[in-house]
Amino acid sequence: MPVIVLVGTLFAAVLHASWNAIAHKIPDKTVAFTLVNLGSMIGGIPLVCLAPIPDPRSWVFLGASAALHLAYNGLLMASYRLGDLSQTYPLARGTSPLVVTLAAAVFLGELPSAGQISGVLLISTGLACLVGWGYRAHPARPTAIYAALATGLMIASYTTVDGVGVRLSHSTLGYIGWLMVLGEFGVPLAALAQRRRGLATDLRPFWLLGLTGGLCSVLAYGIILWAQTRADLADVAALRESSIIVGALIGTLWFKESFGAPRIVATCAVTAGIALMYLA
């Protein structure tokens with residue numbers, strides 16, 4: 001993996017953890033995800049207007065990804081409502097790398113090397129430590145676990161679909177712009193139907209924070225799509241989920257959560273996994 005792709009993917013992980021922390025910070029999750037999705041759509045509009053239109057061959061994948069993103073947003077909201085962030089977020093994100101590795105091998109012929117497999121397994125082991133720690137500290141209802149696992153499957157699905165689509169598009173910026181416009185309208189539309197005139201009042205205290213989270217989301221996933229055109233999907237998916245470690249650091253510094261031994265072990269495992277994948 002080229003150094004610039006490695007650095008870009010890790011930077012995207014920081015941005016991804018940041019917008020999730022913003023969504024967690026806003027107490028009303030409907031308000032949080034409405035603002036984040038609106039921010040994503042706003043960030044996508046200039047790309048739609050200025051970037052080249054994606055190649056027609058990519059539009060099937062673009063449409064499928066937009067539908068998967070709609071499902072992902074709904075499941076992620078449900079996960080955050082039903083369970084604790086320290087458990088549901090790592091579980092949702094940690095499911096993705098292994099599934100993407102298998103999907104890329106089966107559907108795209110991207111057979112991982114021994115070093116890549118070892119790196120993915122180390123990263124997944126580190127994430128599993130966080131999941132286990134989250135369960136012991138904050139036992140969740142089974143429905144929260146199911147929602148988080150389903151969210152992880154949606155992440156793996158749209159990651160694989162976008163990995164193909166963005167390569168066919170010949171316009172990474174155009175692809176991400178159309179994806180944000182088509183895939184992020186569901187939550188704001190549902191919130192408007194549910195709360196009607198009261199929605200504007202609910203959004204007003206958090207609009208700047210939430211829209212900032214949305215712009216972080218666009219930039220983070222735009223970098224990931226660019227990275228997927230220059231590296232194997234499994235590598236990018238695994239490195240992106242280092243956002244969980246960044247999230248743990250944000251939780252310690254911003255939300256005053258204890259970092260603890262499990263997070264130290266997880267950090268070491270993820271760092272070792274990243275090193276193995278880069279060397280491979």
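Three salt bridges are present in this predicted model, a salt bridge being a side-chain nitrogen of Lys or Arg within 4 Å of a carboxyl oxygen of Asp or Glu. The model is a prediction, in which local features need pLDDT of at least 70 and side-chain atom pairs count only at pLDDT 80 or more, while totals for chains, interfaces and linings use all residues. Residues are numbered from 1 along each chain as its sequence is written, and side-chain values use heavy atoms, with hydrogens and water left out.

Two of the salt bridges are conveniently read together. R195 meets D28 with an N to O distance of 2.8 Å, and R195 also meets D202, here at 3.1 Å from N to O. D28, R195 and D202 are thereby linked in a network of salt bridges. The R195 and D28 pair links distant parts of the chain, 167 residues apart, with R195 in helix α8 (residues 186-195) and D28 in the loop between α1 and α2; helices here are DSSP runs of H or I with at least four residues, numbered from the N terminus. Relative accessible area (1.4 Å probe, protein chains only) sorts residues into buried at under 20%, exposed at over 50% and partly exposed in between. R195 has 24% and is therefore partly exposed; D28, with 26%, is partly exposed, and D202 is partly exposed at 28%. A further salt bridge joins D55 and R57, whose closest N and O atoms are 3.2 Å apart. D55 is partly exposed at 22% relative accessibility, and R57 is partly exposed at 49%.

Turning to the rings, a pair of aromatic rings is described by the distance of the centres and the angle of the planes. The rings considered are those of Phe, Tyr and Trp (its six-membered ring), which pair if their centres lie within 6.5 Å; planes under 30 degrees apart count as stacked, over 60 as edge-to-face and the rest as tilted. Searching the whole structure gives four aromatic pairs. W19 and F33 form an edge-to-face pair, because their planes stand at 90 degrees, with the ring centres 6.4 Å apart. This pair links distant parts of the chain, W19 lying in helix α1 (residues 3-25) and F33 in helix α2 (residues 29-50), 14 residues apart. W19 is buried at 4% relative accessibility, and F33 is buried at 0%.

The W59 and W178 rings have centres 5.3 Å apart and planes at 65 degrees, so this pair is edge-to-face. The pair links W59 in helix α3 (residues 59-82) to W178 in helix α7 (residues 172-183), 119 residues apart. W59 is partly exposed at 30% relative accessibility, and W178 is partly exposed at 25%. Y72, Y158 and Y221 are joined into a cluster by ring pairs.

Some of these aromatic residues reappear in the nonpolar core, defined as a set of buried Ala, Val, Leu, Ile, Met, Phe, Trp, Tyr and Cys residues joined through side-chain atoms within 4.5 Å. The largest such core has 45 residues, and those with the most contacts inside it are W19, F33, Y72, I176, L179 and Y221. Helices that each supply at least two residues of this core include α6 (142-169), α9 (198-203) and α10 (207-228). Its largest share, eight residues, comes from α10. Leaving aside residues up to four places away in sequence, Y221 touches H69, Y158, T159, D162, I176, L179, M180 and R240, contact meaning heavy atoms within 4.5 Å. A second, separate core of six residues includes V120, I123, A266 and V270.
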